[in-house]
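Open the model in your viewer and keep the selection panel at hand. The stops below go from the ligand to the pockets.

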Amino acid sequence: MVTLLATTLSGVATAGELDTEARGLVKEFGSTLKGQLVGAMKEGGPVHAIKFCNLSAPGIAADVAAASHWEVGRTSLKLRSEANAPDQWELKVLEQFEAQKAAGTDPQKLEYSEVIEQDGKKRFRYMKAIPTQEACLKCHGSTLAPEVEAKLDELYPNDKARGFSEGDIRGAFTLSKPL
Ligand code: HEC
């Protein structure tokens, strides 16, 4: 994807820096989320961890955003929380990631960035795919424990984020910054 990033952003002086910054934030956001998730699972099992994700994931995103002046979040084609719904640009990129994966690209390597114009202002946008790992299947896999299913049904009556297998694209990190 490095070539694509370079072509998309040619002419923008700080494109490389912005990509690097976005990757750093994804790492920070991703590892904080995962660390806290693993901790919550250990502490009280998956039902406890669901409550943790429900309450804390948006908060962690807000903290990273506040410290960095970027907008930071997660989105998906198969949503659990409707608060994470993709906009038109994100939808296009998520579909592009699926097509690239189908054509054989390793989902770990899928990223995309572009400068777009929104309401007459330039904005740098970046997305990075999130592959499904084994640790995700307790809450996003095909066979869920009955108590996990019950808790998810209660919190997310329109949950579409089930039935994933390891290696599927679960969703993507999405970041943006006004230029
Ligand atoms: C303990 C249950 C649990 C586990 C394990 C879990 N998730 Fe989730 N996931 C949730 C909940 C609950 C939400 C909704 C949280 C929110 O409001 O953002 C969610 C939301 C998401 C979203 C945001 C998009 C959406 O559908 O709303 C992504 C992406 C995601 N999870 C990826 C993962 C990945 C990748 C893993 C494995 C590393 C994982 N999850 C493990 C419970 C879980």
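Which residue has an N or O atom in its side chain 2.6 Å from an oxygen atom of the ligand? Select arginine 170: that side chain makes the contact. This is a predicted model, in which local features need pLDDT of at least 70 and side-chain atom pairs count only at pLDDT 80 or more, while totals for chains, interfaces and linings use all residues. Residues are numbered from 1 along each chain as its sequence is written, and side-chain values use heavy atoms, with hydrogens and water left out.

**Ligand contacts**

Next, select arginine 80, where a polar backbone atom is 2.7 Å from an oxygen atom of the ligand. Then take serine 81, with a polar backbone atom 3.0 Å from a ligand oxygen.

**The shell**

Now select the residues around the ligand (those with a heavy atom within 4 Å of it). There are 21 of them, and Arg80, Cys136, Cys139, His140 and Arg170 come nearest. Helices here are DSSP runs of H or I with at least four residues, and strands are E runs of at least two, numbered from the N terminus. H2 gives the most to this shell, with seven residues; H2 and H4 each supply at least two. Colour the shell by class to find 13 nonpolar, four polar and four charged residues. In this scheme Ala, Val, Leu, Ile, Met, Phe, Trp, Tyr, Cys and Pro are nonpolar, Asp, Glu, Lys and Arg are charged, and the others, Gly among them, are polar.

**The largest pocket**

Hide the ligand: the space it takes is the largest pocket (a molecule sits in a pocket if more than half of its atoms lie within 2 Å of the pocket's grid points). A pocket is an open set of points on a 1 Å grid over the protein atoms alone, where a 1.4 Å probe fits, with protein on both sides within 12 Å along at least five of seven lines; lining residues have an atom within 4 Å of a point. The volume of the largest pocket is about 1,200 Å³. Of its 41 lining residues, Leu33, Arg74, Ile130, Arg170 and Phe173 are closest to the centre. Select helix H2 (15–68), which gives the most to this lining, 17 residues.

**The second largest pocket**

Finish at the second largest pocket, of about 260 Å³. Of the 16 residues lining it, Glu71, Glu90, Arg125, Thr174 and Ser176 are closest to its centre. E1 supplies the largest share of this lining, five residues. By class, the lining divides into four nonpolar, six polar and six charged residues.

Key:
Points joined across faces, edges and corners; volume = space filled by probe spheres on them. Polar contact = N/O pair within 3.5 Å; in protein donor to acceptor, adjacent residues only side chain to side chain.
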